[in-house]
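Q: I'm new to this structure and would like to get to know one part of it properly. Please pick a stretch and take me through it slowly, with each technical word explained as it comes up.

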Amino acid sequence: MKQLYKVLLFLLLFASCKSLKKNDSDMDTVLFNKGLAIFEVIEEAGFDYELEKIDTTTTEGQIKFETLATKKEDILDFALEQFESLADKYPDSKLYPKALYNLAHICSILEYEQDEINYLKKILNSDANDKEDSGRKGLMSNPYANFKNDASNRLVEIYINKGDFDKALTYQKLNEKYPFQHFCGNAFAEDELKTAEKYAKIYNGKGDTEKALKYLLPHLFDHGLANNLFLVKLTIETLKKDNSISAIQAKFDQSIRAIYSKKHRSKDAWASYYIRFQDTEIRIPTWNLRHGLDKKEIEAEIEQSILVSTFYKMLHAQKQPVLPKL
């Protein structure tokens with residue numbers, strides 16, 4: 001392992017030096033490629049895999065783990081230096097936003113929280129273009145960099161974890177100025193769910209469960225584009241803050257018995273179906289309905305789809321707490 005990462009580091013840095021000889025004027029590119037090459041040693045040498053394999057229940061294992069973890073940190077710090085040099089010396093470089101992005105990412109790994117926050121804020125204050133080519137490979141990889149979208153998202157996450165919900169809300173609202181860029185509908189659907197989750201966590205943290213539910217409840221049912229399981233769990237936990245399990249179950253069962261439909265335009269041949277729960281209108285996805293059904297058959301199938309939904313199953317699996325006998 002020791003020799004492997006040294007060889008990899010040498011080869012990657014050698015490639016970087018060759019690019020320097022080709023064009024001494026492109027020092028920003030050289031520093032960027034050097035930083036990237038050093039960072040890639042972590043993956044190429046399998047540091048994380050090796051760390052996971054170590055048995056830390058023994059003294060010998062603990063020493064081995066700490067030694068390898070220190071080597072990983074040293075390599076990351078070395079990569080950090082290259083991107084820092086680029087950001088400090090070449091703020092007008094086209095690679096400046098990517099350097100800041102990589103600096104924030106490495107600081108996150110190293111748990112340099114305040115440095116990460118500073119770099120994320122610099123991204124937001126820069127002229128970074130979220131539609132810039134990300135350089136990522138792979139058929140489903142996002143081709144867009146999403147610099148400011150990612151930076152504001154990460155700041156929201158940091159401040160939620162710190163319990164500073166006012167700052168988290170500030171950056172979440174700022175995030176709306178930098179919409180997520182992608183080519184895939186599933187990715188947009190997942191981003192929409194994550195946005196709802198962040199707002200719900202913020203308002204839960206501020207003690208406003210009613211507002212948290214306004215963000216959660218519209219995403220109660222699976223629409224076939226993105227997995228909403230994490231939101232279902234958060235919704236149930238939020239509901240339980242102000243209601244007993246039996247009361248929630250009763251209210252939801254009552255809402256199922258009052259399914260209604262609406263046409264968005266009078267000339268539309270199709271209709272959308274809804275329930276009203278916790279004073280919130282919730283649209284029921286119809287992507288999995290069979291074709292050729294009449295109105296009553298549709299309503300019956302929609303009711304059945306609710307009964308087999310993840311939310312319904314999880315909600316009715318909840319047990320009412322049993323109070324100890326006095």
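A: Let's start with the names: helices (H or I, at least four residues) and strands (E, at least two) are DSSP runs, numbered from the N terminus. This is a predicted model, where local features need pLDDT of at least 70, side-chain atom pairs count only at pLDDT 80 or more, and totals for chains, interfaces and linings use all residues. Residues are numbered from 1 along each chain as its sequence is written, and side-chain values use heavy atoms, with hydrogens and water left out.

The protein comes to 14 helices and three strands. Let's settle on strand β2, residues 272-277, and work outwards from there.

β2 has a partner in strand β1, residues 260-262. Two strands pair if DSSP finds at least two bridges between them, and here three bridges join β1 to β2, with the two running antiparallel. To find this pairing in the model, look at S261, whose bridge partner in β2 is Y273.

β2 also pairs with β3, residues 280-284, again antiparallel, and five bridges join these two. Two places are handy for following it: Y274 stands opposite R283 in β3, and R276 has E281 as its bridge partner in β3.

How many residues sit between β2 and β3 in the hairpin they form? There are two residues between these strands. One resident of the loop between β2 and β3 is Q278, and D279 is found in that loop too. Q278 has a phi near 55°, a positive value in a residue other than glycine. D279 also has a positive phi without being glycine, near 60° in its case.

Next comes the matter of how covered everything is. Buried means under 20% relative accessible area, exposed over 50%, and partly exposed in between (1.4 Å probe, protein chains only). In the turn, Q278 is partly exposed because its relative accessible area is 24%. D279 has 65% relative accessibility, so D279 counts as exposed.

Step back from the turn into β2 and the picture changes. Five of the six residues of β2 are buried, so this strand is largely enclosed by the rest of the structure. For the protein as a whole, buried residues make up 42% of its 326 residues.

Now follow β3 along its length. Which of its side chains are buried and which are not? T280, I282 and I284 point to one face and are buried, while E281 and R283 point to the other face and are not. That's a pattern to know in general: in a regular strand the side chains alternate between the two faces of the sheet. If you remember the bridge partners from earlier, E281 was the one paired with R276, and R283 the one opposite Y274.

What about the greasy interior? A nonpolar core is a set of buried Ala, Val, Leu, Ile, Met, Phe, Trp, Tyr and Cys residues joined through side-chain atoms within 4.5 Å. The largest one here has 82 residues, and those touching the most other members are F221, F252, I275, F277, I302, I306 and F311. Helix α4, residues 59-89, gives the most to this core, with nine residues.

I275 deserves a closer look. Contact means heavy atoms within 4.5 Å. Leaving aside neighbours within four places in sequence, I275 is in contact with F221, F252, S255, I256, I259 and Y260, and also with T280, E281, I282, I284 and I306. F221, F252 and I306 have turned up already, being among the core members that touch the most others. T280, I282 and I284 are familiar as well, from the buried face of β3.

Contacts across the sequence can be counted for the whole protein too. Among contacts between residues at least 6 apart in sequence, 60% join residues at least 24 apart.

For a point of comparison elsewhere, try S152, which lies in helix α7. S152 has 0% relative accessibility and therefore counts as buried. Apart from neighbours within four places in sequence, S152 is in contact with L124, Y171, N175 and Y178. Then there's K233, in helix α11, residues 229-242; at 44% relative accessibility, K233 counts as partly exposed.
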